[in-house]
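Me: I would like a close look at one part of a model, with enough of the surroundings to place it. Here it is.

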Amino acid sequence: MDLVGLEIEKREDIVIAHVTGELDILGASSTGEAIGEAVPTSARALVVDLGRLEFIDSSGIAMLFSLARRLGGQRQALRVVAGSGEPVQRVLELVEFDRAAPIYETVDDAVGALSRD
Amino acid sequence: MRDLPELFHSPVKARSLAFLFCAGALMAGLTIALPHDASIDELGLGLTACAAALVGAGLLVSAERVAMWQLHVVMVIGTAMVALANEFAGVTALYPLLFTWPILYASYFLERRAAFAHVALAGLAYAIVLVIQDPPSPYVRWLLAIGTPAIAGALIFRLLDRLRAERVESLEREALLEQNEARTRIVLDSAPDAFVAIDREGVIRTWNAAAERLLGWSASEAVGRRLAEIAIPPELRAAHDERRRALLDPAERDATRVLQLELQRRDGSRFPAEARVSRVTLRSGVFAAGFLRDVSDRLRREAEREALLREQAARAEAERVAELVSGMQLLVDAALAHRTRRGILADLVTSVPGVLGADSAAIYLAEEGDRLVLGATSGGTPGGDGKAPLAFGEGFAGRVAAARQPMLAEDPDAMIGVPLLAGGQVTGVLVVCASPPRVFTSDDLSLLRLAADRVALAIDHARLYERELKIAETLQRSLLPEHLPHMPGLEVAARYLPAAAEAEVGGDWYDVLSIPGGAVGLVMGDIAGKGLGAASMVGRMRSALRAYVLEGHSAPLVVSQLNRLIWTEAQEGQMATLLFVVVDPAEGRMGWVNAGHPPPLLVTGNGRPRFLEGGGSVPLGVLPFPEFQETSLNVEPDATVVLYTDGLVERPGENIDLGLRRLAELVHAAPNDPQILCDQLLASLIPDGAPADDVALLALRTIPMSERFDVEFAPEPEALVAMRSLLRRWLRYAKAGEGELAEIITACGEAATNAIEHSGAGRDTTLELSGSLESRTVELTLRDHGAWRTPREGQPGRGIALMRGLMDEVDVTATPQGTTVRLSRTLH
């Protein structure tokens, strides 16, 4: 059993996926699929909230990259939220995830940025 | 020579003698009166005649009183007178003939010796007369006068002797007859049985005293009347007449009857009687004579005795049967105490032979396709011909199954086979066998059949029970963790025992889950109720709890949400106790929320166990919004926490505090290793393995950390969580900073993930992780037994990039036998 928790929130045309727990090879692909299904084509953007995620490894990163590719193909925006100084944020930095999608410190920051776009 | 009785009485003799004297006197008188020879002395003769007449008269007068000796004297006088008359009459007269008279008289009336004496006296007297008279040829005269009457006298005497003898015989016979008759009379009268004789017409001829008593008629009343009239009930009289005629028919050969009949007393009462009747033929006619006896007493006694015997026999039989039945009952009950078929069968085959006095027993169970397989045996496999499986009709057991009837056999051992029937189907066959001389009776058969009927039902129930139990157990198992997570640095063990008496799945449950961040959650719950309802609720709670935990909620919030779930979704009144313990070995802390559950038990090292009170609240489902609080405390390394359900500590009629105290004592005495601890607790508290209520037990121990560690993982993604947890704990122990800790764990996770993904399919292979801490430098070495996948462009390359980015040194050594990744980083 994986240790990933997922909550989907919708704010108008933005889908917010709150991912909690530990995201590793065990839960990465299923979580990615679940998030992908939660985003209708009508949605403008997806915010993946990793603010409360305890752990992420390369499998989780790969899942995020895969999401970014898919959403990019559908002209949907992807934003990622990671707490500043958190291990998750450090990993995202290391793999230079900000080249695939912008990283925000809070969900509100991410949503606010999307509204301004 | 015996004395013969006198034929004549003395008076007769006297009167006869008197007659002779008178006749002699008359003779002499006539001689004088009639013309006679001149030589006759008339005077002398006349005087003699007168004297004779006088004697005769005197005798006549005194005839009744004369004694025998007086008669002898008179006879001597008479002989003398005859001699005088001869003298007076002279030679020419025929007076010697008068000597004939005393001789004949003596011969006739006197006994032998007296007669001789008188004959001799007469001879002497005449001899004297002849000597005096001196006639010619005196000898001839003497011989004629004495010899002739003497011979005549002898003949007379002889005749009289004969007469006397006959007289004696007749007297004796008479006496005998008299005696006999008297005796018979006495016998008949004293006979206890009534004696009755009737003649051809049925008229009573004999009627003894017992008959008087028996029938109420005296002999004088009865004799002369018809028996039918006074003693035979009217409706039976025709039959009586018929019987009598048949018996008295001379052509009937069997002249004896023993009859059972009904008689009537004088007062009209009736009674059963037995008559032993014989046909008696006498000169006076043909009679039916017999004894009658009132047999009502005898019949009653016989009936009583028969009843008594019957009762005794019945009681003996009943006791024997009761003994057998109770034996059978006992063993059947004993067998039925088992809930599983195996238990029932094993118990039966071992106890049935004892009850029936048999040597061996076997139970065959019917399978699909009408085949019998051996279920259980003791002392051999009777009825099977050594074959298994048996087709119906094959072997003794097969024949019983085919016939669906109990069967007895002797070939040469005695065997009983009874079919086990349930729902009209042959579900098996019970065969009992005994060697000679033991022979089975139909009683044994019916008993075994009774037992078999009950057993068949029980076996069928057991079969259903086993199926239900299997379903329940499967369901239960599906609700309980299939296996506990392997957590290096932690030891965990769990046990679950379903209640012995319940086929239903219980409401006890437990879970062990990894909590994001390295903690371990221990859950012990008990949902009120049984069966599928409770089971499905357990399933929902388990899933919900895991989901809530993954969402990162605190323990009290997780429990609150579970309460919400039960409050809103469960059936009215359903409630549950729950204990949620979070152990964070890395932090050395333990927190718990207790919703009405027995408190967890904590033991550290060799210290005394203590129950963790506090953190308690009402059970789930009682209130809509109860307040749940977490209580936490620091735990030393080598701490063991024990969670359980009340089934472990509760005993009927006992205060639960006693059970808790007992548990604490046992935990204190047991080693801290969770597996051994759990086994010992169950062995002590549930010795038979069959608890009255469900029992769930969970123990977790934290193993102390040190500078070095060595663990093995299965190369599975699931192991990663445990590995991270261990690393977190160890790095905490190494006093790594938060950032360092996360980065080292991430790097090690990458190495492990890579190893898992590419270490080949070998299931038996392991990942070996070792860690060492030397002067602030952490070194982790991960070995696998697969081929290292050369980093290519793209995702996998990200892993190694991460490792390199996160660690000071990353060293990968790949060989055909496996790959070793060494990571090191110096802590600040």
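How many helices and how many strands does chain A have? Once that is settled, please take me closely through strand β3 of chain A: which of its residues are buried? Then follow the thread outward into chain B.

Reply: Happy to. Keep in mind throughout that this is a predicted model. Chain A has four helices and six strands, and from the N terminus they follow one another as β-β-α-β-β-α-β-α-β-α. The chain is 117 residues long, with 57% of them buried. Among its contacts with a separation of 6 or more, 70% are between residues 24 or more positions apart.

Now for the strand you asked about. β3 of chain A covers residues 45–49, and five of its five residues are buried. A45(A), V47(A) and D49(A) point one way from the strand, while L46(A) and V48(A) point the other way. This fits a general pattern: side chains in a regular strand alternate between the two faces of the sheet. Here the residues on both sides of β3(A) are buried. Note that D49(A) is one of the buried residues.

The partner to look at is β2(A), which pairs with β3(A) in the parallel sense over five bridges. Within that pairing, H18(A) is the residue opposite D49(A). As a general point, the strands of a sheet pair through backbone hydrogen bonds, in either a parallel or an antiparallel sense.

Step back from β2(A) and you come to the loop that joins β1 and β2 of chain A, where E12(A) sits. Its phi is near 55°, a positive value in a residue that is not glycine. Most residues other than glycine have a negative phi. E12(A) has 10 other C-beta atoms within 10 Å, and since 12 or fewer counts as exposed, E12(A) is exposed.

Strand β2(A) also leads to the other chain. The contact between the chains takes 24 residues from chain A and 27 residues from chain B. On the chain A side, β1 (3–11), β2 (14–23), β4 (53–56), α2 (58–73) and α3 (87–94) each supply at least two residues. Sorted by class, that side of chain A has 12 nonpolar, five polar and seven charged residues.

On to chain B, which has 828 residues, 39% of them buried. It contains 22 helices and 27 strands. For contacts with a separation of 6 or more in chain B, the share from residues 24 or more positions apart is 62%.

A sheet here makes a useful companion to the parallel pair in chain A. It is an open sheet of five strands in the order β23-β24-β25-β27-β26 of chain B, with antiparallel pairing. Its edge strands are β23 (708–713) and β26 (809–815) of chain B, each pairing on one side only. On average, neighbouring strands of the sheet are turned by 10° against each other, with direction ignored. Inside the sheet, β24(B) (767–774) and β25(B) (777–783) run antiparallel and are joined by seven bridges; in one of the pairings, S770(B) has T781(B) in β25(B) as its bridge partner. Helix α20(B) (718–733) lies across β23 and β24 of chain B, running at about 175° to β23(B).

The loop between β24 and β25 of chain B holds R776(B), a non-glycine residue with a positive phi, near 70°. R776(B) counts as exposed, because 12 C-beta neighbours lie inside 10 Å and the exposed class takes in 12 or fewer.

Let me finish with a helix from chain B. α2(B) has 20 residues, 42–61, which should span 28 Å at 1.5 Å a residue; its end C-alpha atoms are 28 Å apart, in agreement. Its buried residues are L45(B), T48(B), A49(B), A52(B), V55(B), G56(B) and L59(B). Viewed down the helix axis they fall within an arc of 125°, so they line one face of α2(B). What covers them includes α1 (10–33) and α3 (68–89) of chain B. The face turned away from the buried side carries the exposed residues L43(B), L54(B) and V61(B).

Technical notes:
Residues are numbered from 1 along each chain as its sequence is written. Chains are lettered from A and ligands numbered from 1 in the order in which they are written. This is a predicted model: local features need pLDDT of at least 70, side-chain atom pairs count only at pLDDT 80 or more; totals for chains, interfaces and linings use all residues. The expected span of a helix is 1.5 Å times one less than its number of residues. A residue is buried if 20 or more other C-beta atoms lie within 10 Å of its own, exposed if 12 or fewer, and partly exposed in between; C-beta atoms are placed from the backbone. The arc is that of the directions from the helix axis to the C-beta atoms. Two residues are in contact if their C-beta atoms, placed from the backbone, lie within 7 Å. Ala, Val, Leu, Ile, Met, Phe, Trp, Tyr, Cys and Pro count as nonpolar, Asp, Glu, Lys and Arg as charged, and the others, Gly among them, as polar. Two strands pair if DSSP finds at least two bridges between them. Axes are lines fitted to C-alpha atoms, for helices over the stretch in contact, and angles run from 0 to 180 degrees between N-to-C directions.
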